[in-house]
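Student: I would like a close look at one part of this model. I care about how the pieces fit together there.

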Amino acid sequence: MKPRQLAAIALGAFTLFIIYGTTIPLDLQVAPDFDSVNWTPLWDSKRNRIWSIPDMVQNVLFFIPWGVFFAHATNLHRRPIVAAGLAGLAGAGLSSAVEFLQTMSPSRIASTTDVVTNGFGAMLGALGAGSVALCCARR
C-alpha cells in the first residue's frame, strides 16, 4: 500500500472518529436549535468572558493529526502553505458539519469557537507535515 493511500484511509478513519467523538451522546432532536449556538468566536457570551482556554487548546490539538493526514492524503505535503490553507478550510468545514449536528442535541452546545480552533488545528497539522516533508527532502 502506498503512503498516500494509507494517509487517505487514516484521514477517513480519523474523520469518522471526530464525528463520533463530538456527537456523543447521540440524542438528536428533529429540528436544529440555532438559538443555543454561541455565535461569537473565542467569546463565551453566556459567561461574558473569553472562551475556555483548555477547551480551545484541546480543539486545536484534536485536529492536528487530521491536518497531517489531509496533507499526505491530498499529496500536498510538499506544498505546506497550500496544504495548510486547504486543510484549514476543510477542517473548518468538517467542524461546521459537526456543530450543525450538535444544534440538534439538547446536551451539546454548538460554537463558532470550535469551528475556528478546529480549522486552526488542521492548518497547523498540514503546515507541520509540509515543513517536515520539505526538511527531509532537502537532506
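Student: Which orientation do α2 and α3 have to each other?

Tutor: Two ground rules come before the answer. This is a predicted model, so local features need pLDDT of at least 70 and side-chain atom pairs count only at pLDDT 80 or more, while totals for chains, interfaces and linings use all residues. Residues are numbered from 1 along each chain as its sequence is written, and side-chain values use heavy atoms, leaving out hydrogens and water.

Now the pair itself. α2 and α3 are helices (DSSP runs of H or I, at least four residues). They pack at an angle of about 125 degrees, and their axes lie 10 Å apart. The axes are lines fitted to C-alpha atoms over the stretch in contact, and angles run from 0 to 180 degrees between N-to-C directions. The two helices are therefore oblique to each other. Under 35 degrees would be roughly parallel, over 145 roughly antiparallel and 65 to 115 roughly perpendicular, with the rest oblique.

Look at the contact next (heavy atoms within 4.5 Å). From α2 come Phe63, Trp66, Phe70 and Ala71. From α3 they meet Ala83, Leu86, Ala87, Ala90, Gly91 and Leu94. By class, that makes nine nonpolar residues, one polar and no charged. Gly counts as polar here, whereas Ala, Leu, Phe and Trp are among the nonpolar types.

α3 has another partner. Helix α1 (residues 3-22) packs with α3 (residues 80-102) at an angle of about 30 degrees. Their axes are also 10 Å apart. α1 and α3 are therefore roughly parallel to each other. Thr15, Ile18, Ile19 and Thr22 in α1 meet Leu94, Val98 and Gln102 in α3. These residues divide into four nonpolar, three polar and no charged. Leu94 of α3 is part of the contact with α2, and Leu94 also meets α1.

Both contacts lead to the largest nonpolar core, which has 17 residues. Such a core joins buried nonpolar residues (under 20% relative accessible area) through side-chain atoms within 4.5 Å. Ile18, Phe63, Trp66 and Leu94 touch the most other members. Two or more residues each come from α1, α2 (53-73), α3 and α4 (112-138). α2 gives the largest share, five residues. Ile18 shows how the helices are linked. Beyond its neighbours within four places in sequence, Ile18 contacts Phe62, Phe63, Trp66, Leu94 and Val98. In soluble globular proteins, nonpolar side chains tend to be buried together.

Finish with the loops at either end of α3. Asn75 lies in the loop between α2 and α3. Its phi is positive, near 60 degrees, in a residue other than glycine. Most residues other than glycine have a negative phi. Asn75 is partly exposed at 37% relative accessibility, a class that runs from 20% to 50%. On the other side, Thr103 sits in the loop between α3 and α4. Thr103 is buried, with a relative accessible area of 6%. Setting aside neighbours within four places in sequence, Thr103 contacts Ala31, Pro32, Asp33, Phe34, Val37 and Ala110.

Notes. Buried < 20%, exposed > 50% of the residue type's maximum accessible area, 1.4 Å probe, protein only.
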